[in-house]
Each structure stands twice: as C-alpha cells, then as structure tokens.
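Work through the exercises below with the sequence and the model open. Try each task before you read its solution.

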Amino acid sequence: MRRAVLRVLILGGTGEARELARAASEERGLDIVSSLAGRVANPRLPVGAVRVGGFGGVEGLRTWLRENAIDAVVDATHPFAAQVSAHAATAAAELDLPVLHLRRPEWVRRGGDLWTRVPDLAAAAAALSPRDHNVLLTIGRQGVGAFVGRTGHRFVIRSIDAPTVPLPPRSTLLLARGPFTFDEELVLMSRHRIDVLVTKNSGGEQTEAKIFAARTAGLPVIMIDRPPLPAGAVTVAEVAAAIDWLRAAAGHRVR
Ligand code: NAP
C-alpha cells in the first residue's frame with residue numbers, strides 16, 4: 001500500500017529553505033528533512049529533521065534518496081549553488097522523483113544603477129578598472145580566490161566565516177552575517193572609501209540594502225549573473241508556491 005505521507009528532501013542553506021521547512025512542518029501529510037552542505041560553522045538551522053554534509057555526487061545523492069525513501073525533492077539552495085542543483089535534477093530524474101527548484105527573483109537594474117554585468121567570478125575580477133582602488137567584495141568566502149592576482153587594488157572582503165583560500169595581498173576582512181541595513185551599508189562604503197561593489201545577483205531582500213546604498217552613493221557595481229538552472233527545471237519564486245506544489249505532489253501520491 002502507498003504511504004499517505006510524502007517524504008520530502010529540502011536542499012537548503014538559504015532563508016527560503018528555512019521558511020519552507022517551517023511552513024511544511026505545519027502541513028499534514030508532509031514529512032520533511034532538510035539538508036545543509038555544512039559550509040558555515042554555526043548555521044541557522046531549519047525546524048525539523050536536518051542532515052549535514054555533501055552526499056558524494058549524483059551517485060551518493062541517488063543512494064541517499066533511495067535509502068531514505070524520499071518521494072519528492074525541493075532544491076531551495078542559493079541561486080549560485082549550481083552543482084548541487086544539477087545533481088538534484090539528475091538524481092531525481094534517474095529515480096523518477098518530482099523535483100522543484102525554489103529560486104527567489106533576481107535583483108533588477110533600476111534608474112541610477114551603474115551595473116556592469118558579468119557571467120562569473122573570473123569575469124568580475126577581469127572587469128576591475130585601474131580607477132577601482134578600493135573594492136568591496138560580497139561574493140561569499142570561497143569566491144575570493146578569483147581576485148588573488150589583482151594586486152593593484154585594496155579589497156574589503158565581507159563574509160560570514162573567514163575564507164580558506166589565499167586572500168589578495170591588500171585585504172581587509174570583515175566577518176559579518178546579514179541582513180544589513182541601508183544605513184549600515186552606506187557607512188561601510190563611505191568608511192572604506194569604496195570605489196566599486198562586486199556582488200553576485202543573489203536577489204532577495206536580506207542583502208539588497210547594498211544595492212540601494214550603491215545606487216544612492218553613485219557607486220558602480222560589478223554584478224555577477226546567475227548560473228543557469230538545469231534544463232527543463234520546474235521553478236517557483238515563492239515559498240507559498242512551493243507549498244502548493246508539495247500539496248499537489250502529496251495529493252497525487254495518495255491517489
Ligand atoms: P555547490 O557548488 O552547488 O555544491 C558543491 C557541493 O556541495 C555539492 O556537490 C554537494 O556535495 C554539496 N552541497 C551543496 N549544497 C548542499 C546541500 N544543501 N546539502 C548537501 N550537500 C550540499 O554549492 P555551494 O555554492 O558550495 O553552496 C553550498 C551551500 O551553501 C548550499 O547549500 C547553498 O544553498 C549555500 N549558499 C551558497 C551561496 C553561494 O553563493 N554559492 C550563498 C549562500 C548560501 P556532494 O556532491 O558531495 O553531494
């Protein structure tokens with residue numbers, strides 16, 4: 001007999017994933033386990049069951065999904081976590097499981113924004129001009145390695161935990177976890193005499209204040225575009241829509 005409960009893996013590491021775990025925990029018929037990569041030393045944990053650490057590629061994920069009798073996967077990882085999203089799509093397809101990608105909307109260029117859009121970290125490092133004396137890097141700690149050869153600039157690097165990769169020679173490291181306010185971002189940019197902000201187009205309200213502050217301060221932004229989602233990905237932008245998808249998947253399952 002088929003189970004009346006839908007067992008769901010949420011691939012997390014984002015605010016949306018935590019929100020989804022909380023909302024799903026209030027739904028009947030859903031049994032949720034959240035997964036974190038284990039990158040952050042002291043992560044904000046979602047409600048409910050949590051597992052931590054990589055699965056061991058597509059094969060490891062496929063085995064884990066099978067052994068844990070998972071019925072559906074929601075990839076609620078960060079928009080730049082392309083590898084795990086691709087693994088989820090492949091492993092779920094191989095097991096014929098439904099998979100949903102929850103992706104917050106991108107930030108959109110508005111009047112007054114001075115954006116240079118680039119496809120990846122290497123292009124962002126290459127896009128720095130000799131006028132960019134002081135560079136604010138808010139790209140996550142591991143991406144900093146792409147800038148190590150740019151010795152003509154001073155970098156202010158903000159990340160949650162310290163990077164484990166070598167830093168560019170003239171660097172100031174600020175360990176901080178958002179959200180940050182508009183005023184805090186303006187003060188930071190002014191205190192460090194920032195000439196350019198380098199950021200990923202993560203989207204979302206939690207870290208958007210830096211975009212507003214750069215616009216207000218007339219600062220250029222090097223904006224790294226998101227990597228593409230897996231081909232044919234089913235995507236929603238809101239937690240509520242992900243809950244609707246899970247309800248439909250649960251309904252389909254008991255039919
Ligand atoms: P990634 O490049 O897509 O993934 C690299 C490997 O890390 C994956 O192959 C997988 O290892 C493991 N992994 C990633 N997310 C996982 C998860 N939720 N649960 C279990 N294993 C996971 O990912 P990333 O960019 O390093 O990001 C790692 C985590 O940090 C993600 O959960 C993401 O949501 C979060 N995050 C990323 C960013 C960013 O800018 N990239 C920003 C904020 C938060 P195996 O192959 O061994 O399974």
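**Exercise 1: Polar contacts of the ligand**

An oxygen atom of the ligand sits 2.7 Å from a polar backbone atom of F55. The model is a predicted one.

Task: Which part of Q83, backbone or side chain, has an N or O atom 2.9 Å from an oxygen atom of the ligand?

Solution. Start with F55: its polar atom belongs to the backbone. Next take A81. Here a backbone N or O atom is 3.2 Å from an oxygen atom of the ligand. Then turn to Q83. Its N or O atom, at 2.9 Å from a ligand oxygen, belongs to the side chain. The protein covers 77% of the ligand's accessible area, which is 800 Å² for the ligand on its own.

**Exercise 2: The shell**

Task: Which elements give two or more residues to the shell around the ligand?

Solution. Begin with the residues. There are 22 around the ligand, and G12, S35, F55, G56 and K200 come nearest. Now assign elements. β2 (30–36) and α3 (82–95) each give two or more residues. The largest share, four residues, comes from α3. Finish with residue classes: seven are nonpolar, 12 polar and three charged.

**Exercise 3: A surface patch**

Task: Why can V50 belong to a nonpolar surface patch, given that patch residues need over 30% relative accessible area?

Solution. First locate V50: it lies in strand β3 (residues 49–52). Then check exposure. V50 qualifies on this count because its relative accessible area is 31%, over the 30% cut-off. That makes V50 partly exposed. Last, name the patch: L45, V50 and V52, with about 260 Å² of accessible area together.

Conventions:
Residues numbered from 1 in each chain as written. Predicted model: local features only at pLDDT ≥ 70, side-chain atom pairs only at ≥ 80, totals over all residues. Heavy atoms only, no water. Near = heavy atom within 4 Å. Polar contact = N/O pair within 3.5 Å; in protein donor to acceptor, adjacent residues only side chain to side chain. Areas by Shrake-Rupley, 256 points an atom, 1.4 Å probe, with all protein chains shown as cover. Nonpolar A, V, L, I, M, F, W, Y, C, P; charged D, E, K, R; others polar. Patch = residues over 30% accessible without salt bridge, like charges linked within 9 Å, V, L, I, M, F, W, Y side chains within 5 Å. Salt bridge = Lys/Arg side-chain N within 4 Å of Asp/Glu carboxyl O. Buried < 20%, exposed > 50% of the residue type's maximum accessible area, 1.4 Å probe, protein only.
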